[in-house]
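Please open the structure in a viewer and keep the selection panel at hand. The tour below proceeds one selection at a time.

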Amino acid sequence: MEWMMELLKSPPGLSNLSTFLILTLPVLSIVLGFVTYAILAERKVLGYMQLRYGPNRTGGRFGLLQTVADVLKLLIKEDTRPKEADRPLFILAPVIAFVPSFMVLAVIPYTESVMFANIGVGLLYFIAISGLTTVGMLTAGWASNNKYALMGGMRSAAQMISYEIPLLMALVGVVLFAGSLNLVEIVEQQQYIPYILLQPIGFIIFFIAATAELNRTPFDLPEAESELIAGYHVEYSGFRFAFFMLAEYVYLFAMSALITVLYLGGWNPIIGLGFIPDLVWFGIKFSILVFVFMWVRATLPRIRPDQLMEFGWKVLLPVAMLNIFLSAILKEIFF
Amino acid sequence: MKGITKGLAHTLRNMSKKKMSYQYPDEPVPMPDRFRGIQKFYPEKCIVCNQCVNICPTDCIQLTGKKHPDPDRKGRIIETYDINFEICILCDLCTEVCPTEAIVMTNNFELADYSRDELFKDLQWLDENDTNVREEN
Amino acid sequence: MIRTEEMLLNVGPQHPSTHGVFRLVVKVEGEIIREATPVIGYLHRGTEKLAEDLQYTQIIPYTDRMDYLSAMTNNYVICHAVETIVGLEVPERAEYLRVIAMELGRIASHLVWYGTYLLDLGATSPFLYAFREREAIINLLNELCGARLTFNYMRIGGVKWDAPEGWIDKVREFIPYMREQLDGYHGFISGNEIFLNRVKGIGQYTQEEAIQYSLSGANLRCTGVDYDIRKVEPYSIYDRFDFDVPVGETGDAWARYKCRMGEIEESLKILEQAVEQIPEEGKVLGKVPRIIKAPKGEVYVRIESPRGEIGCYIASDNKKSPYRLKFRRPSFYNLQILPKLLEGENMANLVTILGGVDIVLGEVDG
């Protein structure tokens, strides 16, 4: 970490810039690798739950190269753009949607040593940056000059804003317990008891709100296939579309990692099983969460927009408030 | 919450259940004997009675006959017999009316081709289509 | 100045949840629908006009393509109409085979509805589960008549094939299996809170409205009208079976869902009795003249298809083909209430209501 600090303090220059760029490459490749296999895993899990096999042709019996082939196909596809689209915004939107999703990864601690930036307000940074993606979706919806896309964009904006609040409120409980916004410290506080046991209500609220933030079933209204066809990215094709897909799955990665860190104790082992390496522990907890997201997707129907708003403001928010009070009282009495 | 939990349990249970996928292009899907596939035509059995042409709901069969080459024998024999599979709906009526079972169904059903012209099957093609011929007619 | 504007939105003809090539021109204000105009005819093939040049037997394969999800009932209605006008007797075993085939078709049709309806609501898995059972039914029907969807099984005066060996037993085995799976469906989705919230109170209409719009089938019964042609005007041998007619009360999408799921159970009951009662031996095709000529006159018969009352009117002038043939296609009539139901609803309810009406475009457009 020392050399990192030195690097940060060094004067700007081309060599520094290239160092920074090269440093991001491993993260990018890990994340892209994850996305490739998360998409495959999602299709496999959905397939098995739906009495199918999922991809099983490209890349052997398990379809290991299916996503690679899909991405290649997207790369060589024609990049269509509606004639009446707002050209600069249309081009900018996928970038706005994708870049924040990648930026948030910087603060996630995977183990004590494997992390990229250990900033004091990591949690706040994560939430603040991830909120930016909505702008990308709204832009995409507006720029496409398509009525369905516009509706999808509006829906996504409304949904993101109303679910960001319970999400943050649920976090306050964790912050109260840990006494810090630094993600590493939050993990260290959970050495013996993960916060899922101390904050069950908070965890459930956070999980629901996170599903909504990720635009996944049952909260996939912005891209509701049966109503809005594909929502805000209906007019996108080729690699621009791939960017939206990528953003979605990178967020799945980031959000699952964040929940692992906040509620499941990060890399902390279950007591007595400390011989298993930290990174494996993180991986196990993380994979379970990703599976649960897919499992929920295979089961539930989509919620209706007005009910979604009602649920967000009238149920989640008050419960989240209550959770803060409960946490504060607990904290005062026991800790 | 109870309904959602039950639903989640249901999907989880189904994960280990038998998969319903057909391995179709790799393994052929077995069709029951009665399956109505592409017709097989026996030119030697045909008596040119024209019943199949008359019954065909989409008018996809065309045939011509000629006099029997052996002058001692009465009747006619088939000269050309074409089925246009662009419009044939495999309804089974032609095989049903055929008095000599000169036209019968087979279990073959793969008709996809690169050109529409290929779908126009003549007597020779229909005669050579002799695999999986249906037994009951 | 801030002002709002109505937006004209074309839903369909290519849209994932219009169940075919159905088009709705919707005026929306935000997400609220102000006016909806259905546009039909993209799948029009002119079955009725074509029939005027066809012999009666030749019409049967065309009816397969109207309501392609339950072709057996369509087969039956045309055969029944011709048999009525000519005055033909149908052998007993043939009648039982017809009933078994029709009830299997009804279950298959409702299963497709169940699957696609939940797909419209955003749940992907029920579709695959429903299609597993439907596949079992389709395999049964494939063994019986040699086609998976376009059966062309019934003939005027009977049916084409007798049941193959062991087929009746397979149907018998299918009934408990289907019951078990049906319980699974109910456990899976019928109690799901999200689902309930989306269907309860949506697309509601009263008994009077339903009757005024000439709705039939589950769309009518969901309002509490106990009207099933199998009961009120038994055709074929339906008077020999003991079954109930599921009737709803509220007239909303939830009541329609319950009615249809109930109908699957009742169809299983009918099947159970039919496979017990079916005579072991017997002819399956009655005495039919080689060329069927309907005497001069007209006839209207109606039966209960999975979607409602399907009727067939034949006006004949003593020829091989009808002078005029008219099908009363239930989907078309049921669709008429749609613009009224959609008014003032939001976009998400559009698919709930449209799916709940259960239309088959082949039938709507004829």
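The stops that follow lead through each chain, the contact between the chains, and two individual residues.

**A word before starting**

The model is predicted.

**Stop 1: select chain A**

Colour chain A by secondary structure. Which kinds of element does chain A contain? It has 14 helices and zero strands, and the order from the N terminus is accordingly α-α-α-α-α-α-α-α-α-α-α-α-α-α. Turn the chain to view its extent: along the principal axes, the C-alpha trace of chain A spans about 60 × 55 × 45 Å. The radius of gyration of chain A is 21 Å, which agrees with the value near 20 Å that a compact globule of 335 residues would have.

Next, colour chain A by accessibility. Of its 335 residues, 51% are buried. The chain exposes about 15100 Å², and carbon and sulfur atoms supply 72% of that area. If contacts are displayed, consider those between residues at least 6 apart in sequence: in chain A, 75% of them join residues at least 24 apart. Finally, show the charged side chains. Chain A carries 21 positive and 23 negative ones, and the centres of the two sets lie 10 Å apart.

**Stop 2: select chain B**

Chain B combines four helices with five strands. Read from the N terminus, its elements run α-β-α-β-β-α-β-β-α. How does the radius of gyration of chain B stand against the globule rule? The value is 22 Å, well over the 14 Å that the rule gives for 137 residues, so chain B is more spread out than a compact globule. The spans of its C-alpha trace along the principal axes are about 85 × 30 × 25 Å.

With the accessibility colouring still on, note that 43% of the 137 residues of chain B count as buried. Its accessible surface comes to about 8100 Å², with 52% belonging to carbon and sulfur atoms. Among contacts in chain B between residues at least 6 apart in sequence, those joining residues at least 24 apart make up 73%. The charged side chains of chain B number 18 positive and 23 negative, and the centres of these two sets are 12 Å apart.

**Stop 3: select the contact between the chains**

Display both chains and select the residues where they meet. Chain B contributes 16 residues to the contact and chain A contributes 14 residues. The area buried between the two chains is about 1300 Å², of which carbon and sulfur atoms give 69%. Which three residues of chain B should be labelled here? L8(B), M15(B) and K19(B) supply 41% of the area that chain B buries against chain A, more than any other three residues.

**Stop 4: select L51(A)**

Return to chain A and centre the view on L51(A), in the loop between α2 (14-49) and α3 (66-76). Is L51(A) buried or exposed? Its relative accessibility is 2%, and because buried means under 20%, L51(A) counts as buried. The backbone also merits inspection here: L51(A) has a positive phi of about 65° although it is not a glycine. Most residues other than glycine have a negative phi.

**Stop 5: select L90(B)**

The last selection is in chain B. L90(B) lies in the loop between β3 (76-84) and α3 (93-97) of chain B. What is the sign of phi at L90(B)? Phi is positive, at about 50°, although L90(B) is not a glycine.

Key
Residues numbered from 1 in each chain as written. Chains lettered and ligands numbered in written order. Predicted model: local features only at pLDDT ≥ 70, side-chain atom pairs only at ≥ 80, totals over all residues. Heavy atoms only, no water. Helix = DSSP H or I, 4+ residues; strand = E, 2+ residues; numbered from the N terminus. Rg over C-alpha atoms; globule rule 2.2 N^0.38 Å. Buried < 20%, exposed > 50% of the residue type's maximum accessible area, 1.4 Å probe, protein only. Contact = heavy atoms within 4.5 Å. Areas by Shrake-Rupley, 256 points an atom, 1.4 Å probe, with all protein chains shown as cover. Lys, Arg positive; Asp, Glu negative; His and termini not counted. Charge placed at Lys NZ, Arg CZ, Asp CG, Glu CD. Buried area = accessible area lost by both parts, 1.4 Å probe.
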